[in-house]
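Dear colleague,

I am handing over the structure below, and I would be grateful if you could keep it open beside this message while you read. My notes on what was found in it follow directly after.

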Amino acid sequence: MLIQVLFHLFAAILILAALGVITARNPVYSALALVMCFITSAAIWLLIEAEFLAVVLVLVYVGAVMVLFLFVVMMLDINLAELRQGFTRFAWLGWLTALAVIVEIVGVVWARGALGIDPGHGGTPEPATYSNTLDLGRVLYTHYAYPFELAAMVLLVAIVAAIALTMRRRQGLKYQDIGRQVAVRPADRVRLVKMAPEKRP
């Protein structure tokens, strides 16, 4: 009973946070709402005894990816007024995507009922010695080793692209010239000035 109450509570928070992601006018607020989505999703995974996935979601997505995303959003100096001008022009695409997602969710719920799957029946409880981390590690580093490495390369490319976008040339941005710093002479940095001593009154 308590698990069901917690599930509905976290699900409601997750839905509100997801709405905040798509309705927030400021991209920083949208990113913070996405952090709330990740945290509540991790709490729901804890309820179904997927501890490793919950911890990874918090550590990797909230602790690393979302921090990187926030830095990129804040450092790119996005013109919000210019982005809002084209919002109504592409609104039909957003509604079409939302309709497709709703149809998929309804189809999954209908398929579960048609196949005779009881949604109210939870998973089979595992013994205390069971470790989902061990089983997941065996599958991840044996059958899915190459897709795992490919995902790491994709994340690396995303990080490099974020840095490249942040360091793009724009007015008022100062750049470091290593060649000029190495070739500098003391006379270029320090100037000795000779002054006559002042007369005492």
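Two aromatic pairs are present in the structure, where rings of Phe, Tyr and Trp (its six-membered ring) are taken as a pair if their centres lie within 6.5 Å, with planes under 30 degrees apart counted as stacked, over 60 as edge-to-face and the rest as tilted. In one of them, the ring centres of Phe38 and Tyr61 are 5.3 Å apart and the planes stand at 50°, so this pair is tilted. Because Phe38 lies in helix α2 and Tyr61 in helix α3, the pair ties together parts that are 23 residues apart in sequence; helices are DSSP runs (H or I, at least four residues), numbered from the N terminus. Phe38 is buried, at a relative accessible area of 18%, whereas Tyr61 is partly exposed, at 39%; here buried means under 20% relative accessible area, exposed over 50% and partly exposed in between, with a 1.4 Å probe and protein chains only. Tyr141 and Phe148 also form an aromatic pair, which is edge-to-face, with 5.3 Å from centre to centre and 70° between the planes. Of these two residues, Tyr141 is exposed, with a relative accessible area of 53%, and Phe148 is partly exposed, at 32%.

Before going further, please bear in mind that this is a predicted model, in which local features need pLDDT of at least 70 and side-chain atom pairs count only at pLDDT 80 or more, while totals for chains, interfaces and linings use all residues. Residues are numbered from 1 along each chain as its sequence is written, and side-chain values use heavy atoms, with hydrogens and water left out. The pLDDT, which is the predictor's confidence in each residue on a scale from 0 to 100, averages 79 over the protein, and 80% of the residues score at least 70. Confidence is highest in helix α1 (residues 2–23), at a mean of 89, and lowest in helix α4 (residues 80–85), at 60. Where pLDDT is low, the predicted coordinates should not be read in detail.

Turning to helix α2 (residues 27–47), its 21 residues should span 30 Å at 1.5 Å a residue (the expected span being 1.5 Å times one less than the number of residues), and its end C-alpha atoms are 31 Å apart, which agrees. The buried residues of α2 include Ala33, Cys37, Thr40 and Ile44. Ser30, also in α2, is buried with a relative accessible area of 15%, and its side chain reaches the backbone oxygen of Val21 at 2.7 Å. Neighbours within four places in sequence aside, Ser30 is in contact (heavy atoms within 4.5 Å) with Gly20, Val21 and Ala24.

The largest nonpolar core, a set of buried Ala, Val, Leu, Ile, Met, Phe, Trp, Tyr and Cys residues joined through side-chain atoms within 4.5 Å, has nine residues: Ala31, Val35, Phe38, Ala42, Ala54, Leu57, Val62, Met66 and Leu70. Helices α2 and α3 (51–75) each supply at least two residues of this core, and α3 gives the most, with five. With the same four-place neighbours left out, Ala31 is in contact with Met66, Phe69 and Leu70.

Finally, Glu49 sits in the loop between α2 and α3 and has a positive phi of about 65° although it is not a glycine. Glu49 is partly exposed, with a relative accessible area of 43%.

With best wishes

Methods: Polar contact = N/O pair within 3.5 Å; in protein donor to acceptor, adjacent residues only side chain to side chain.
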